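Welcome! Here is a short tour of a protein model, written for someone meeting it for the first time.

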Amino acid sequence: MEVREKERKGRLHCERMGELCGKMKKSKAPFSRRAEIQHLYQCYTSEQTILPACALLRFLHKEQMELTANEEMAESLIDRYEIEETARESRSMTFEGFLRYMESKDCCLFDQAHTSVYQYMDQPLTNYFISTSHNTYLTGDQLVGKSHLDAYFCALRKGCRCLEIDCWDGPDMEPVVYHGYTLTTKIFFKDVITTVEQHAFEVSAYPVILSLENHCSKEQQEVMAQYLISILGEKLLRTPLDHPTTGDLPSPNKKKVAVAEALSDLVVYTRSVKFISFSHSKDNQNYYENTSMAEKKARKLAKASGADFVQHNQKFLSRIYPAGSRTSSSNYNPQEFWNVGSQLVALNFQSLGLPMDLNDGRFQDNGGCGYVLKPAVLMSSQRSFDPGCSQHGHKPTHLLLKVISGSNLPISRSGKALDPFVRVEMHGIASDSHRKNTHTVKNNSLSPHWDADMNFSISVPELCLIRFCVREQTGLLSSEFVGQYTLPFTSLKKGYRWVPLRSRDGCSLDPASLFVFVWYS
């Protein structure tokens, strides 16, 4: 009964917004974010000219579902967003103040409490999803692409915490980094380590893992060791070799580095071993060992033995990387491997598109530090979880979403206004992954209005990502990307919210945004 009542309230919110939109249509008022917010404001002013703190509090409770809000919070919003002195003195908010509030970070779809590190950061590394780059040095394809130090800088700026360095013998006893047996260009190992040292902790204070694919001779391995020691200095964390462990995350400005046996002056943090079987891993007590496998093998294991894969990843780190056939540096969908709890799901950071959008969305959580705690469903030793199953023994979460409008969308490449529509995508376990579209609005980039209701049933919301993608209708069955925004379901705020939009390369398209209403139970 409680769930039905929550669903009923959610529908009432959507119906009320529909009524507001209907009034706008009858009055022939122009569709604009300002007009939509003004109608909301008028619903709570009770025919007064300003909004008193008590009415603002009622709005926070009923519409924004800010259930912990009190009068003190309402008054703090007035102090923050109201600039008219008379209104401030009377503890009230004018429409202009209310508009500033509704277009502020306080009303962003993404929970602002999640823009800082808020999760426990003292767990073993196996308990985290870790932002991971594949062949980090490449800026292009896998065969003739250019290797460049900027690739490491860009990955670190995106919050990446696991970098790959393919090391080979170079001229004059200088180890080089490149994609072996290809025509990709080469850069010096010492320059890579210097770049990492300079930029490792500009975005995140938490450990950087260096994944060394070591093809060097013993002589040049010794050179590598000296560079690691001399360049990284105190930032290089050492652990006694006879006690290897995944361990807890150390304090900021420390990093753990995986090195080959010949670099014995440094410590093997984890040892990459060939995956044998899940039954073998159940008996294996060498928790410092990690498995690294290509996407095709990982996909086969996930489909055949999803629950066993989840349990394996409770004890061991697993690194998944793109298939060798992806010579253009394309990416797989990382969600399928997060679903089985793989921590190091490596992507080609230089390749734009859906996979990197999902990666950016996943890791903007927890302050963008590059470490996100895996949900409890992946960590339980008492209850088996198979992401391939559609039934998980508990009631699904119902999401009611109204895509109301857009604002200040970019113009088309031809310089004309767009014919935009919005695609909302759910990315989670297979049974939760769906997408729905609004209708297309013709010739309107400034303030397209959709007023489209969408309903989703999500069985494992804690694994789910939501992607809002604005596209331009270019033909009967064709469309082009305009902008997108991806976030975890667990970072979703209820109520009337604005959705920032990002370009294909992840840059802000501000002031372009969407206006939505969200309810879930």
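## A nonpolar patch

Patches are made of residues with over 30% relative accessible area and no salt bridge, where like charges are joined within 9 Å and nonpolar side chains (Val, Leu, Ile, Met, Phe, Trp, Tyr) within 5 Å. A salt bridge is a side-chain nitrogen of Lys or Arg within 4 Å of a carboxyl oxygen of Asp or Glu. Accessible areas come from the Shrake-Rupley method with a 1.4 Å probe, and for residues only the protein chains shown count as cover.

On the surface, L143, V144 and L183 form such a nonpolar patch, together offering about 320 Å² of accessible area. V144 sits in the loop between strand 4 (132–133) and helix 7 (149–157); helices (H or I, at least four residues) and strands (E, at least two) are DSSP runs, numbered from the N terminus. V144 counts as exposed because its relative accessibility is 54%; exposed means over 50%, buried under 20%, and partly exposed in between.

## One side of helix 7

In helix 7, the buried residues are A151, Y152, A155 and L156. They lie on the same side of helix 7, because they cover an arc of only 130° around the axis, taken from the directions from the helix axis to the C-beta atoms. Their cover includes strand 5 (162–168), strand 6 (176–177), strand 7 (187–188) and helix 8 (189–199). Just after helix 7, G159 takes a positive phi of about 90°.

## About the model

This is a predicted model, in which local features need pLDDT of at least 70 and side-chain atom pairs count only at pLDDT 80 or more, while totals for chains, interfaces and linings use all residues. Residues are numbered from 1 along each chain as its sequence is written, and side-chain values use heavy atoms, leaving out hydrogens and water.

Key
Buried means under 20% relative accessible area, exposed over 50%, partly exposed in between (1.4 Å probe, protein chains only). Contact means heavy atoms within 4.5 Å.
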